[in-house]
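Student: I have a new model open and would like to talk through its contacts with you. Shall we take it piece by piece?

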Number of protein chains: 2
Amino acid sequence: MRKVFLFMDTICNKVDGKGRVSLPSDYRAIVKDLSSEIVCYRSLSLPCIEGCLEETLDKLAADIENSTDFFSEAQDNLTNLVFGDAKRFPFDSTGRIMLSEKLLKHAGITNEAVFVGKGRKFQIWNPENWAKEEARIRAEALKNRPSLRSKENE
Amino acid sequence: MRKVFLFMDTICNKVDGKGRVSLPSDYRAIVKDLSSEIVCYRSLSLPCIEGCLEETLDKLAADIENSTDFFSEAQDNLTNLVFGDAKRFPFDSTGRIMLSEKLLKHAGITNEAVFVGKGRKFQIWNPENWAKEEARIRAEALKNRPSLRSKENE
DNA sequence: ATAACTATGGTATAACATGGGATTTTATGG
DNA sequence: CCATAAAATCCCATGTTATACCATAGTTAT
């Protein structure tokens, strides 16, 4: 049994006409090892799909369940929205999941999808959008940490 | 056996003349796996129906049994209110439950019902009302967390 | 070199939502 | 205790969609 799990790497796979796409094999290995399931939903702040293990969302649900008043609306309604948006995406014997129209549209994905590891979760992007996003993130990081910039010239 | 259970996704199903609606298949799978039952009641704070597993309400009943301090009295009253309102809704061989007139009226449901996952529970809405409610939640969230708005434009 | 795995296309099968009708149960009054 | 009407439950049929399965080609590891 694995002690830790990390969604890593950046992998681009084809999306066929039905919305089927191969889940990176490393991701599948995590799901199998932990006997869990992949859950995906629209990012609340970015034009991409987010995915994680079902047990990650379960922790959220447990917190809400144990809060003082189960019948009142959750303190953070936005958190609550995730459950309405999320859905299990089991992969078949060939390792593919079938992304819904809703998710694909939100991320602007058509023929190709880029899986980007984010540790406890991952994101799925339209390739062009991810290229822009990655450039933006790097620029942002350099701006905030000049020490990184200086090392660039070495 | 499943380690966790989460009511997720947002699904719109038809309500026929008899008040019958298909319970989303994912929800049915949870009920079967846990050998439990679906229980529904009127939301205490919103114009919608709420549903959960019978064992979820059972935990709350246990809490009342064990409650000693007077501070929990108000909480217990709310819970008891739900017990008076709740009822089992078993689904037939085709996966349908029959919602009562009382519940349908409270939620303003006629031809269509939207099931919205909320983790340990779910809600059933009139489609138009849910659209408004979701918009309201998102607007509220943006007001309280401007950081989400800034990222939206990227 | 060969075996195992991966990504990907195509097809067959099973499951789902939904309409309609038949049968059983429930409430109520004789 | 039975009779009756209403209502709830069950069963069958259908089109649609998702899922499981098969096949191939390219990679990687042994």
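Student: How far is a polar side-chain atom of Arg20(B) from a base nitrogen of DNA strand D?
Tutor: Happy to help, and keep in mind that this is a predicted model. Arg20(B) is among the residues around DNA strand D. One of the polar atoms in the Arg20(B) side chain faces a base nitrogen of that strand, and the distance between them is 3.1 Å.

Student: Which base atom of DNA strand D lies 3.5 Å from a polar side-chain atom of Lys18(B)?
Tutor: Lys18(B) also belongs to the residues around DNA strand D. Its partner sits on a base, and for this 3.5 Å pair with the Lys18(B) side chain the atom is a base oxygen.

Student: What share of the atoms of DNA strand D within 4 Å of the protein do sugar and phosphate account for?
Tutor: Let's start with the residues around DNA strand D: Lys18(A), Arg20(A), Thr94(A), Arg96(A) and Met98(A), together with Lys18(B), Arg20(B), Thr94(B), Arg96(B) and Met98(B). Turning to the atoms of DNA strand D that come within 4 Å of the protein, the share from sugar and phosphate is 33%.

Student: How many charged residues does the surface near DNA strand D have?
Tutor: Strand S6 (96-98) of chain A and strand S6 (96-98) of chain B each supply at least two residues of this surface. By class, two residues are nonpolar and two are polar, while the number of charged ones is six.

Student: Moving to the other strand, how many residues surround DNA strand C?
Tutor: The closest ones are Lys18(A), Arg20(A), Arg96(A), Lys18(B) and Arg28(B). By class, the surface near DNA strand C divides into two nonpolar, eight polar and twelve charged residues. The number of residues surrounding DNA strand C is 22.

Student: Which residue has a side-chain N or O atom 2.8 Å from a base oxygen of DNA strand C?
Tutor: Some polar contacts here go to phosphate: a polar backbone atom of Lys14(A) is 3.2 Å from a phosphate oxygen of DNA strand C. A side-chain N or O atom of Asn13(B) is 3.4 Å from a phosphate oxygen of this strand. The 2.8 Å pair with a base oxygen belongs to Arg20(A).

Student: What percentage of the atoms of DNA strand C within 4 Å of the protein belong to sugar or phosphate?
Tutor: The atoms of DNA strand C within 4 Å of the protein are split between sugar or phosphate on one side and bases on the other. Bases make up the rest once sugar or phosphate has been counted, and the sugar or phosphate part is 44%.

Student: Now the helices: why are H3(A) and H5(B) described as oblique?
Tutor: Helix H3 (residues 77-85) of chain A and helix H5 (residues 127-144) of chain B have axes 9 Å apart. They pack at an angle of about 135°. Angles over 115 and up to 145 degrees fall outside the parallel, perpendicular and antiparallel ranges, so H3(A) and H5(B) are oblique to each other.

Student: Which residues of H3(A) make the contact with H5(B)?
Tutor: The H5(B) side brings Trp130(B), Glu134(B), Arg136(B), Ile137(B), Arg138(B) and Ala141(B). Counting both helices, the contact has five nonpolar, one polar and three charged residues. From H3(A) come Asn77(A), Leu78(A) and Leu81(A).

Student: Is the crossing of H2(B) and H3(B) left-handed or right-handed?
Tutor: The axes of helix H2 (residues 54-66) and helix H3 (residues 73-85) of chain B come within 10 Å and cross at roughly 140°. In their contact, Leu57(B), Leu60(B), Ala61(B) and Ile64(B) meet Asp76(B), Thr79(B), Asn80(B), Val82(B) and Phe83(B). That contact has six nonpolar, two polar and one charged residues. As for the hand of the crossing of H2(B) and H3(B), it is left-handed.

Student: And how many charged residues are in the contact of H2(A) with H3(A)?
Tutor: Helix H2 (residues 54-65) of chain A packs against H3(A) at an angle of about 130°, with axes 11 Å apart. Leu57(A), Leu60(A), Ala61(A) and Ile64(A) of H2(A) make the contact with Thr79(A), Asn80(A), Val82(A) and Phe83(A) of H3(A). Six of these residues are nonpolar and two are polar, and the count of charged ones is no charged residues.

Technical notes
Residues are numbered from 1 along each chain as its sequence is written. Chains are lettered from A and ligands numbered from 1 in the order in which they are written. This is a predicted model: local features need pLDDT of at least 70, side-chain atom pairs count only at pLDDT 80 or more; totals for chains, interfaces and linings use all residues. Side-chain values use heavy atoms; hydrogens and water are left out. Axes are lines fitted to C-alpha atoms, for helices over the stretch in contact, and angles run from 0 to 180 degrees between N-to-C directions. Helices (H or I, at least four residues) and strands (E, at least two) are DSSP runs, numbered from the N terminus. Angles under 35 degrees count as roughly parallel, over 145 as roughly antiparallel, 65 to 115 as roughly perpendicular and the rest as oblique. Contact means heavy atoms within 4.5 Å. Ala, Val, Leu, Ile, Met, Phe, Trp, Tyr, Cys and Pro count as nonpolar, Asp, Glu, Lys and Arg as charged, and the others, Gly among them, as polar. A residue is near a molecule or strand if one of its heavy atoms lies within 4 Å of it. A polar contact is a pair of N or O atoms within 3.5 Å; within protein, one must be able to donate a hydrogen and the other to accept it, and residues adjacent in sequence count only if both atoms are side-chain atoms. A crossing is left-handed if the near helix is turned anticlockwise from the far one by less than a right angle, and right-handed if clockwise.
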